[in-house]
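Welcome! Here are some short exercises to help you find your way around a new structure. Try each task yourself before you read the solution.

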Amino acid sequence: MNIQINEDIDENVWNKLVENKIFFRYEWLHVINNIYKLEPYFILLSEDDKFALIASFKTTKGYISLPFVSYSGFYTNDAKLLAKLKEYLQQHNIEIDARDLLQEERTEGYVNPIVQMNSFEAFWKNISSNTRNQFKKSEKAKLSFKIEYTLDNFYTLYSTGMRNLGTPTHGKSYFNELRTYFSCHIFTISKDDKAIGAMFCINDNDTLSVLYAYVLPEYSKEYANYFLYLNAIKWMTSHKLTYLDMGRSTYNEGTFHFKKKFRPKFYGINSKILYSSNSNLQLVSQIWSQLPLPVANFVGPRIRKFLP
């Protein structure tokens with residue numbers, strides 16, 4: 001059995017083993033380490049054509065796979081070798097919050113909705129007539145959709161949304177680093193030449209993953225959120241991508257209800273840290289949401305590494 005850790009691992013071999021799945025790729029070692037200087041712990045066990053691996057970083061809350069994304073965790077093609085990897089970690093007193101995406105759907109806690117669509121026509125047929133009607137209304141609201149190549153419009157909207165939610169932002173450097181290592185796409189929608197919504201996505205061979213999306217709430221009457229997602233779906237299906245990963249939600253709360261309209265499967269996420277509650281953090285979040293935006297944008301990137 002061969003054990004490789006961090007820089008001893010061949011990046012190309014690792015990515016081939018994980019089939020280039022975006023939240024398991026080796027490039028996260030560069031992105032997160034370059035921006036936040038978190039200590040990586042990528043480990044690969046292999047034996048002939050069998051393997052087990054996990055990518056993680058040491059944070060203030062312990063090892064996490066992976067910080068700042070919805071899920072990651074263990075990846076393997078052999079149950080026995082996976083058991084050996086977990087045994088190895090236990091022997092070395094390394095406990096990793098794996099954040100595995102469960103293979104079954106869940107009706108409570110944290111879930112990750114993923115929509116399968118073989119074509120736009122198939123997606124359109126699968127959603128309800130009420131949702132189709134909301135999409136049609138959005139197309140009559142005189143909104144425009146654009147693929148952006150700079151961060152400015154997206155970051156203004158993203159940072160506004162995160163401040164309103166009470167969550168410190170990543171800095172622009174984080175998104176630039178993502179664009180350096182991954183296939184990233186920025187979609188914006190406008191009303192009367194004003195950017196009112198934006199989405200930052202990343203894709204692998206078959207999946208478009210929404211990392212961040214925000215639409216100004218005052219444009220809800222124009223169904224602006226529907227317009228943004230409708231055009232993102234048109235884009236992804238025209239590029240032969242099959243799955244839309246809509247990002248982590250809490251079941252039956254908040255954005256869950258909007259995402260449910262797309263008829264996704266809600267896969268559970270395995271995590272101890274995500275389910276741990278902290279009343280102090282809730283208080284800080286309430287205070288943060290009241291900060292002036294320039295203050296939040298200045299301080300946020302400096303403390304974001306402590307909130308994985």
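**Exercise 1. The chain as a whole**

Task: Work out what share of the residues counts as buried, and decide how compact the chain is for its length.

Solution: Keep in mind that this is a predicted model.
- Step 1. Start with burial: 52% of the 308 residues of the protein chain count as buried.
- Step 2. Next, take stock of the secondary structure, which comes to 11 helices and 15 strands.
- Step 3. Now turn to compactness. The radius of gyration is 20 Å, close to the 19 Å that the globule rule gives for 308 residues, so the chain is as compact as a globular protein of that length.
- Step 4. For the outer dimensions, follow the C-alpha trace along its principal axes, where it spans about 60 × 45 × 35 Å.
- Step 5. Finally, look at contacts between residues at least 6 apart in sequence: 71% of them join residues at least 24 apart.

**Exercise 2. The largest pocket**

Task: Find which residues lie nearest the centre of the largest pocket and which element gives the most to its lining.

Solution:
- Step 1. The volume of the largest pocket is about 2,200 Å³.
- Step 2. Its lining has 50 residues, and nearest the centre are Tyr110, Met162, Leu165, Thr167 and Arg248.
- Step 3. Go through the elements that each supply at least two lining residues; among them are strand S8 (110-116), helix H6 (152-165) and helix H8 (224-238).
- Step 4. Strand S12 (207-215) is also one of these elements, and S12 gives the most, with six residues.
- Step 5. Sort the lining by class, and you get 26 nonpolar, 17 polar and seven charged residues.

**Exercise 3. The second largest pocket**

Task: Describe the second largest pocket by its volume, its central residues and the classes in its lining.

Solution:
- Step 1. This pocket holds about 760 Å³ of space.
- Step 2. It is lined by 32 residues, with Lys21, Tyr71, Leu101, Gln103 and Ile114 the closest to its centre.
- Step 3. Strand S7 (100-105) is one of the elements supplying at least two of them, and S7 gives the most, with four residues.
- Step 4. Check for elements you met in Exercise 2: S8 and S12 each supply at least two residues here, just as each supplies at least two to the largest pocket.
- Step 5. By class, the lining divides into 17 nonpolar, seven polar and eight charged residues.

**Exercise 4. Salt bridges**

Task: Out of the six salt bridges in the structure, examine three pairs. For each pair, are the partners buried, partly exposed or exposed?

Solution:
- Step 1. Arg25 pairs with Glu27, their closest N and O atoms being 2.6 Å apart. Both Arg25 and Glu27 are buried.
- Step 2. Lys272 and Glu95 meet at 3.4 Å, N to O. Lys272 sits in the loop between S15 and H10 and Glu95 in the loop between H3 and strand S6 (96-97), so this pair links distant parts of the chain, 177 residues apart.
- Step 3. Exposed means over 50% relative accessible area. Lys272 has 65% and Glu95 has 56%, so both are exposed.
- Step 4. Lys172 bridges to Asp152 with the closest N and O atoms 3.0 Å apart. Because Lys172 lies in helix H7 (residues 172-181) and Asp152 in helix H6, this pair ties together parts that are 20 residues apart in sequence.
- Step 5. Lys172, at 36% relative accessibility, counts as partly exposed, and Asp152, at 45%, is partly exposed too.

Definitions and conventions
Residues numbered from 1 in each chain as written. Predicted model: local features only at pLDDT ≥ 70, side-chain atom pairs only at ≥ 80, totals over all residues. Heavy atoms only, no water. 1 Å grid on protein atoms, 1.4 Å probe; cavity = no way out; pocket = protein on both sides within 12 Å on 5 of 7 lines; lining within 4 Å. Points joined across faces, edges and corners; volume = space filled by probe spheres on them. Nonpolar A, V, L, I, M, F, W, Y, C, P; charged D, E, K, R; others polar. Salt bridge = Lys/Arg side-chain N within 4 Å of Asp/Glu carboxyl O. Buried < 20%, exposed > 50% of the residue type's maximum accessible area, 1.4 Å probe, protein only. Rg over C-alpha atoms; globule rule 2.2 N^0.38 Å. Contact = heavy atoms within 4.5 Å.
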